Amino acid sequence: MARVFNFSAGPAMLPQAVIERAQQELLEWNGSGMSVMEMSHRGKEYMSIAEKAEADLREVMNIPANYKVLFLQGGASSQFAMVPMNLLRGAGKADYLLTGDWSKKAIAEAKRYCQVNLAADTSEGNFTRAPAQSELTLSADAAYVHYCPNETIRGVEFPYIPEVGDKPLVADMSSTILSREIDVSRFGIIYAGAQKNIGPAGLTIVIVREDLIGETIAGTPTMFDYKTHADNGSMYNTPTTYSWYVAGLVFEWIKEQGGLGKIAEVNARKADKLYAAIDGSDFYANPVEVSARSWMNVPFTLANAELDAPFLAGAKERGLVTLKGHRSVGGMRASIYNAMPEEGVDALVAFMAEFEKSHA
Ligand SMILES: *Cc1c(COP(=O)(O)O)cnc(C)c1O
């Protein structure tokens, strides 16, 4: 059976070259006599894999030396709690931008630990835009500012990095990390679950400025303290060794593609093609303000929801799968992360035109 173009929002496609490399090395890694899955995380072979992955990520994202890169577990969802636990530092308040389903979850969790000031709230327009910088109502006594640069479910992406003065800016980048170059120094913390643009599920990457590590609220579990992981090279307990290894292969693949600048060119082209297909037809629609449309997650509806099922069936016949939209939004969602080849988007656009012709 041939591999399909998988438009899943996550876990998502991995680059084929990465899977092939993992396959080659599956039984026996580099003369070690064993699979990476069977290695001690403290052995010299595995340490070399882990260190190379971190070095490559630092190079690819141009991460400054005063940031730690942590390879954790628990998903982005655990960061919803770890962020307030580590960053409140005696303050009772934090600023959150409410722009969709994921920031909403982050806010619900933060409310267990502090007062949340909604520095922006786009729920009124049903989360179809990013707030402008001038709309942000930041509070003087907030410990940090949290936002979600790309809301995965509704496909809304900030076209800018919020300016928040000297407060640490915290970003849930789960569905947009590595999609383009960013200035890491603008952030206090960047976190992301791996299963969208980094590698296999299970791994969570946290990039944290060193001065933000070391002061937690009372009762913080050892495993929820960034210092625990920063002091132990993310090996205080057994890390997700295999996911970390595959993530390392993805970072190498990004370097081979020419780095994030080149990756971004392809991503922009893929997104442009898909939005052009949607906008160029009365049959398909996307409600997101043009300036805030996501490069990574493209939701769209058909003129008639009764055609959703035949659309999905026809797409599947052509090897275009997992296009069903999130249950809260309906319609379709095409997630086109780094590993989705441009041919996958071309095939989807061609099918959309064909389907419209036969059903409009
Ligand atoms: C997928 C996703 C999450 C949840 O990630 P888990 O790793 O499943 O906890 C959180 N935030 C965003 C923006 C996401 O896309």
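**Exercise 1. Determine whether the radius of gyration of the chain in this predicted model agrees with that of a compact globule.**

Solution. Begin with the chain length, which is 360 residues. For that length, a compact globule would have a radius of gyration near 21 Å. The chain has 21 Å, so the value agrees with the expectation for a compact globule. The extents may then be added: along its principal axes, the C-alpha trace spans about 60 × 55 × 30 Å.

**Exercise 2. Describe the burial, contacts and surface of the chain.**

Solution. Burial is taken up at the outset, with under 20% relative accessible area as the cut-off. By this criterion, 54% of the 360 residues are buried. Next, consider the contacts with a separation of 6 or more: 68% of them are between residues 24 or more positions apart. Finally, the chain exposes about 15400 Å², and carbon and sulfur atoms supply 51% of that area.

**Exercise 3. State the numbers of charged side chains and how far apart the centres of the two sets lie.**

Solution. The chain carries 33 positive side chains and 43 negative ones. The centre of the positive set and the centre of the negative set lie 3 Å apart.

**Exercise 4. Establish the strand order of the sheet that contains β12, and identify its edge strands.**

Solution. The secondary structure of the chain comprises nine helices and 14 strands. Three of the strands form an open sheet in the order β11-β12-β14, with antiparallel pairing. Its edges are β11 (284-285) and β14 (332-335), each of which pairs on one side only. Strands of a sheet pair through backbone hydrogen bonds. Between β11 and β12 (residues 297-302), two bridges make the antiparallel connection. Within this pairing, A285 stands opposite T301 of β12.

**Exercise 5. Locate the cis peptide bond that joins G10 and P11.**

Solution. The omega angle of this bond is about -10°. P11 belongs to the loop between β1 (5-6) and α1 (16-24).

**Exercise 6. For L178 and S234, give the sign of phi, the location and the state of burial.**

Solution. Take L178 to begin with: its phi is near 70°, a positive value in a residue other than glycine. L178 occupies the loop between β8 (169-172) and β9 (189-193). Its relative accessible area is 2%, so L178 is buried. Turn then to S234, which is not a glycine and has a positive phi of about 60°. S234 is placed in the loop between α5 (226-231) and α6 (241-256). With a relative accessible area of 4%, S234 is therefore buried.

Technical notes. Residues are numbered from 1 along each chain as its sequence is written. This is a predicted model: local features need pLDDT of at least 70, side-chain atom pairs count only at pLDDT 80 or more; totals for chains, interfaces and linings use all residues. Side-chain values use heavy atoms; hydrogens and water are left out. Helices (H or I, at least four residues) and strands (E, at least two) are DSSP runs, numbered from the N terminus. The radius of gyration is taken over C-alpha atoms; the globule rule is 2.2 Å times the number of residues to the power 0.38. Buried means under 20% relative accessible area, exposed over 50%, partly exposed in between (1.4 Å probe, protein chains only). Contact means heavy atoms within 4.5 Å. Accessible areas come from the Shrake-Rupley method with a 1.4 Å probe; for residues, only the protein chains shown count as cover. Lys and Arg count as positive and Asp and Glu as negative; His and the chain ends are not counted. The place of a charge is taken as NZ of Lys, CZ of Arg, CG of Asp or CD of Glu. Two strands pair if DSSP finds at least two bridges between them.
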